[in-house]
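Me: I'm new to reading protein models, and I'd like a close look at one part of this one. Could you pick a single residue, walk me through its surroundings, and then show me how the neighbourhood fits into the rest?

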Amino acid sequence: MQAATWLPRGGLARVVLFAAIAFFLLMIWWPISQTFWLSFWDQRPGVQRWVGLENYRTLLFVDTVFWKSLSVTFWYVGLTVPGVVVFGLLLAVALDGLKNLTVRGFFTSLYFVPYIVPLVAVALVWRYMYLPGNQGLFNVILGTFDLGPVRWLNSTDWALPSLAILRIWKISGYAMVLFMAGLQSIPAVYYEAASIDGANAWHRFWRITLPLLMPTTAFVVVITTIGAMLEFTTVYVMTNQPGAAGGDRGGPNFATHVMSYHIFKTAITNQYEGLGSANAAIFFVIMVVIGFLQYRFLKVRHDY
Amino acid sequence: MAQVQATAPATARLAHPAMSGLARARRRGGRIALYAVLLLFGVIFAFPFYWVLSASVKDVVEIRAVPPTWWPHSFSLDAYGRVWTGKFARYFVNSFVYAGSVTVIDVFTSTLLGYVLIKHASRLGNVVFWMILSATMVPFVTYLLPLFILLIQMQNLLGIPVINTYWGMIMPWMISPFGVFLMRQAMYSVPNELLDAARIDGASDWTAFSRIVVPLVKQNMAALALLIFIFRYDDLLWPLVVAQSPTMYPVTIGLVEFIGEFFVEYDLYTAAAVLTILPVLALYLILQRFIIEGIATQGLKG
């Protein structure tokens, strides 16, 4: 888009643009710069002194929880994203095979419900279903197959997968809707040509659908990766341990200690503002790198 | 605009003429398998809702049963009463004020900005669009603390309360990149000729916007409003920082506080969860097509 003049014509347009600039500077860019500025200070209740890169040194070489949080976050991405892509694609392809549009609309709406309902409430419901012993729904279901009981949220092995399963359940419908839009954009001629050449449904899926859906898939991967990297709510609602001061979360034994929660706990709950800001600054850089990927895929999709 | 529920694939039509009996039987088998998969997933997606609803109406004795009963043998709305007469009525008011105000403000600013960016294109507008685009990459949690400090400074400087007020909760969301994207896209459907005609007739920019543009993009505004409301209603992180007294808590914090240290009072939790889900579910059931199409066309919210 090439615009000739610097300022738009008309007072209203100018006021709107300047107001928007003021808003974004004040509410996003100024605070972000402050995150970096604070990261050079040792700032906590009763202490405020310049320490240069000391906070970063602490994080990278001393604080084991930082690395643990980072690895938990990436594990979480690894557990959720493939599931969301596979189920989203499966559902989209299955719905695309339905000829009856009313039935298709019904199932589309049904599969989309989890995405739209408030996560805080859903996390509470799932915590109830994840109850240990034979109290929880999941263990009852496993019990009918002579499996379990699993200690789900109370076990270091299962806590993170438990949150991941919830997220896959919640987000798959969203991926499905994106994949359905992608499927619609594949020209029917390709399928017709392939059918005439004798390709069966299986071949058509692997040779036509999947390759032509690559832009959509890439977009879904990036957007669900970002969403999973920022997970906070389920950890906050589902993992508070009895007896820990202030309801400490992210357990058991840091098994669900994701980055967003780590930053929140350090900077807000414990008021280690300098250290928390250094942490946030590192996370910011990681997310911007992923964000650039998102932008490239957006460009493909929307032709900005 | 992507049409989610548009044409059926051509393959299905093509297979029909001159099909052998065997092929027809295989097709029927495929059809049954397809419906089986769809129904299975339907159950998986819907069951948690059944489970919480049924748990919420069980009486205090039955809800403690091990293993739990598959359907309620008792019926009691006791838990709902106790949840509602607790602090939850207030939490709901807070949530609706918070999410509702953000929705109204954000839809307004998004539409206005979308209009200015497209119909009054300028280099400054491009700069603003780049600012907005790059803002989508910045996770909220990375500037949460400085934003909070900024609000405290504003409060001290201006002498008006900001922390622990609706105003403070609403402020960071008055313009959203997501909304601007959506409405900017919608502006392409507004014909320039209409705006030119209005200008020739001597209409001011504001009149053109409110009388011509807004009616034409009303549907997009409605879709945006729904999405913004639903996402703000579900917000936990920001209220945790700004809303500091229970009288200001939205339902999200209300639910968390409700659990407290021990996860034991299942009847109350499930009733509270049902109440929290209900408004959003109702909105969705009434206006689902808007929502799904809004997501499919823009797909920007992770």
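Reply: Here is a walk that starts at one serine and moves outward from there.

Keep in mind that this is a predicted model. Our starting point is Ser277(A), which lies in helix H13 (residues 273–302) of chain A. Is Ser277(A) buried or exposed? Ser277(A) is buried, because 28 other C-beta atoms lie within 10 Å, and a residue counts as buried at 20 or more.

Who are the neighbours? Leaving aside residues within four places in sequence, Ser277(A) is in contact with Thr35(A), Leu38(A), Ser39(A), Ala267(A) and Leu145(B). Notice that Leu145(B) belongs to chain B. For contrast, take Gly105(A): it is 172 residues from Ser277(A) along the chain, and the two C-alpha atoms are separated by 46 Å.

That partner in chain B leads us to the meeting of the two chains. In total, 93 residues of chain A are in contact with 83 residues of chain B. Helix H1 (residues 11–38) of chain A gives the largest share of chain A's side, with 16 residues. Sorted by class, that side has 65 nonpolar, 21 polar and 7 charged residues.

Just along the chain is a little hairpin, made by S1(A) and S2(A) with 2 residues between them. In its turn, Gly46(A) has a positive phi of about 85 degrees. The two strands, residues 41–44 and residues 47–50 of chain A, pair in the antiparallel sense over 4 bridges. Within this pairing, Trp41(A) stands opposite Trp50(A).

Now back to Gly105(A), our distant comparison. Helix H4 of chain A covers residues 101–116 and reaches 22 Å from its first C-alpha to its last, close to the 22 Å expected at 1.5 Å a residue. Its buried residues include Arg104(A), Phe107(A) and Tyr111(A).

Finally, let's visit the largest nonpolar core, which has 167 residues. Which of them touch the most other members? They are Leu124(A) and Phe179(A). Helix H7 (residues 159–184) of chain A supplies the largest share of this core, 17 residues. Not counting residues up to four places away in sequence, Leu124(A) touches Val237(A) in chain A, and also Leu255(B), Tyr269(B) and Ala273(B) in chain B. Like Ser277(A), which has Leu145(B) among its contacts, Leu124(A) touches residues of chain B.

Definitions and conventions: Residues numbered from 1 in each chain as written. Chains lettered and ligands numbered in written order. Predicted model: local features only at pLDDT ≥ 70, side-chain atom pairs only at ≥ 80, totals over all residues. Contact = placed C-beta atoms within 7 Å. Nonpolar A, V, L, I, M, F, W, Y, C, P; charged D, E, K, R; others polar. Pairing = 2+ DSSP bridges. Expected span 1.5 Å × (residues − 1). Buried ≥ 20, exposed ≤ 12 C-beta atoms within 10 Å, placed from the backbone. Core = buried A, V, L, I, M, F, W, Y, C linked by C-beta atoms within 7 Å.
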